[in-house]
Amino acid sequence: MTVRSDPPGALVEVDGKRIGVTPVSMDFTYYGTREFTLSYPGYETLTVQQPVRRPFYQYIPIDFFSNHFLPFRVTDRHDFSYTLQPRVVPIDEEQSLINRGRNFRSQSQVGGP
């Protein structure tokens, strides 16, 4: 399965395990719902419960024939794309940060406490 993001380069965790930065691919054995967590500096962290559906040839009894009697190997690929939202800093939090910076600067100019 391949995970992509906008912007690219987001850190991806699948079921709590880090797999790399987007675009990233991984092998998987089991179908079902997987938890994807994507994070990128300056963007909101995105956590998604993503269903990974099995194809028709993996249902009983078709899977027996597709796994044992086909003259070629069947590879199932899934591609998931996500868009991360920019983090919005509240104005009062931004002003607090500016005030703290000014305090540090004034302390360094006079020697500080």
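## Tyr43 and the salt bridges

Y43 is partly exposed in this predicted model, its relative accessible area being 22%. The residue sits in a loop, the one that joins β5 (32-39) to β6 (46-52). Apart from neighbours within four places in sequence, Y43 is in contact with P7, L84, Q85, P86 and R87. One of these residues, R87, is 44 residues from Y43 in sequence, yet their C-alpha atoms are 4.5 Å apart in space.

### Salt bridges

Across the whole structure, a search finds three salt bridges. The table lists each pair with the distance between its closest N and O atoms.

| Acidic residue | Basic residue | Closest N and O atoms |
|---|---|---|
| D79 | R4 | 3.2 Å |
| E13 | R18 | 3.5 Å |
| D15 | R34 | 2.8 Å |

D79 and R4 form a salt bridge with their closest N and O atoms 3.2 Å apart. D79 belongs to strand β7 (residues 79-83) and R4 to strand β1 (residues 2-6), so this pair ties together parts that are 75 residues apart in sequence. D79 counts as partly exposed, with 49% relative accessibility. R4 also counts as partly exposed, and its relative accessibility is 38%.

The salt bridge between R34 and D15 has its closest N and O atoms 2.8 Å apart. This pair, too, links distant parts of the chain: R34 is in strand β5, D15 is in the loop between β2 (11-14) and β3 (17-21), and 19 residues separate them. R34 is buried because its relative accessible area of 17% is under the 20% cut-off. Its partner D15 counts as partly exposed, at 43% relative accessibility.

In the remaining pair, E13 forms a salt bridge with R18, and the closest N and O atoms are 3.5 Å apart. E13 is partly exposed, with a relative accessible area of 22%. R18 is exposed, because its relative accessible area of 60% is over the 50% cut-off.

### Where the loops and strands come in

The loop between β5 (32-39) and β6 (46-52) holds Y43, while strand β5 holds R34, the salt-bridge partner of D15. Y43 is partly exposed at 22%, whereas R34 is buried at 17%.

Technical notes
Residues numbered from 1 in each chain as written. Predicted model: local features only at pLDDT ≥ 70, side-chain atom pairs only at ≥ 80, totals over all residues. Heavy atoms only, no water. Helix = DSSP H or I, 4+ residues; strand = E, 2+ residues; numbered from the N terminus. Buried < 20%, exposed > 50% of the residue type's maximum accessible area, 1.4 Å probe, protein only. Contact = heavy atoms within 4.5 Å. Salt bridge = Lys/Arg side-chain N within 4 Å of Asp/Glu carboxyl O.
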